[in-house]
Amino acid sequence: MIAFIDACAGSRFLPQAAELNDGRVVTFFDPLIEELKREGGKLPVGYPDDTTTDEGRHQRDAYWQWFSDHWNSDRAVKVVENVIGDGGRPRWVDYRARLHTGETLHLHVVARGDYDTGIFAYNLIRRGERYGLRIVGRLKSQPALNVLAIYEK
């Protein structure tokens, strides 16, 4: 099924992982936590090994809520740029999108090495939050989307 998502201003795009042209797969969680934590503030609970139990789902939700409570898109952009660094252009980047409605959506954005890091950092994370995005993709379960196109509003 093809889905058309209208992510309004205020939507947040949390970078999760990327594969770079040099073949490395990098994750953004630890550097994001370092960049987003407040002095003297608490760190997120660990992500659970099993999310099929009530306790595991509660722990998972608390983990993601920490990022929402501490969110700063400018710092997230900085993390993406620093983690990708000189590893070449990203082949793909995965995001956890928190839409303005409070719902979340996993986005798998494949670029095949044709786009610079700034497209996945500043243009998607910062400008996406500020102005919103229109996203077209193939719907998967959980809910998740294989992104076919992204348009800034």
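Okay, Glu 19: with a relative accessible area of 18%, Glu 19 is buried, where buried means under 20% relative accessible area, exposed means over 50%, and partly exposed is in between, with a 1.4 Å probe and protein chains only. Its salt-bridge partner is Arg 91, and the closest N and O atoms are 3.0 Å apart. By salt bridge I mean a side-chain nitrogen of Lys or Arg within 4 Å of a carboxyl oxygen of Asp or Glu. Arg 91 sits in strand β4 (residues 90-98) and Glu 19 in strand β2, so this pair ties together parts that are 72 residues apart in sequence. Arg 91 is partly exposed, at 30% relative accessible area.

Quick housekeeping. This is a predicted model, so to speak of local features we need pLDDT of at least 70, side-chain atom pairs count only at pLDDT 80 or more, and totals for chains, interfaces and linings use all residues. Numbering runs from 1 along each chain as its sequence is written, and side-chain values use heavy atoms, with hydrogens and water left out. The helices (H or I, at least four residues) and strands (E, at least two) are DSSP runs, numbered from the N terminus.

Back to the charges. How many salt bridges does that rule give? The count comes to 13. Take Asp 74 and Arg 126, whose side chains meet in a salt bridge at 3.0 Å, N to O. Asp 74 is in helix α3 (residues 73-84) and Arg 126 in helix α4, so here the parts tied together are 52 residues apart in sequence. Asp 74 counts as partly exposed at 47% relative accessibility, while Arg 126, at 14%, counts as buried. And there's a network: salt bridges that share partners join Arg 12, Asp 74, Arg 126 and Glu 129.

Within that network, Glu 129 forms a salt bridge with Arg 12, and the closest N and O atoms are 3.7 Å apart. That pair links distant parts of the chain, with Glu 129 in helix α4 and Arg 12 in strand β2 (residues 12-20), 117 residues apart. Which of the two is buried? Glu 129 is, with a relative accessible area of 15%; Arg 12 is partly exposed at 27%.

Arg 12 also takes us to the empty space. First, the terms: on a 1 Å grid over the protein atoms alone, a cavity is a set of points where a 1.4 Å probe fits but cannot get out, a pocket is an open set with protein on both sides within 12 Å along at least five of seven lines, and lining residues have an atom within 4 Å of a point. Grid points are joined across faces, edges and corners, and a volume is the space filled by probe spheres set on the points.

The structure holds one cavity of 30 Å³ or more. The largest cavity has a volume of about 100 Å³, and its lining includes Arg 12, Trp 64, Arg 96 and Thr 104. Elements giving two or more residues to that lining are β2, α2 and β4. By class, the lining has five nonpolar, two polar and three charged residues; Ala, Val, Leu, Ile, Met, Phe, Trp, Tyr, Cys and Pro count as nonpolar, Asp, Glu, Lys and Arg as charged, and the others, Gly among them, as polar.

Now pockets. The largest pocket has a volume of about 340 Å³. Its lining has 15 residues, and nearest the centre lie Val 109, Tyr 115, Ile 119, Ala 149 and Ile 150. Two or more residues each come from β5 (104-110), α4 (117-131) and β7 (144-152). Which element gives the most? That would be β7, with six residues. The class split is 13 nonpolar, one polar and one charged.

The second largest pocket holds about 290 Å³ of space. Among the residues lining this second pocket are Trp 64, Arg 96 and Thr 104, three names you just heard for the largest cavity. Both α2 (54-69) and β5 supply at least two lining residues. By class, that lining divides into four nonpolar, five polar and three charged.

Last stop, the outside. Ile 2, Phe 4 and Leu 148 make a nonpolar surface patch of about 360 Å². Patch residues have over 30% relative accessible area and no salt bridge, with like charges joined within 9 Å and nonpolar side chains (Val, Leu, Ile, Met, Phe, Trp, Tyr) within 5 Å; accessible areas come from Shrake-Rupley with a 1.4 Å probe, and for residues only the protein chains shown count as cover. Ile 2 is in strand β1 (residues 2-7) and counts as partly exposed, at 46% relative accessibility.
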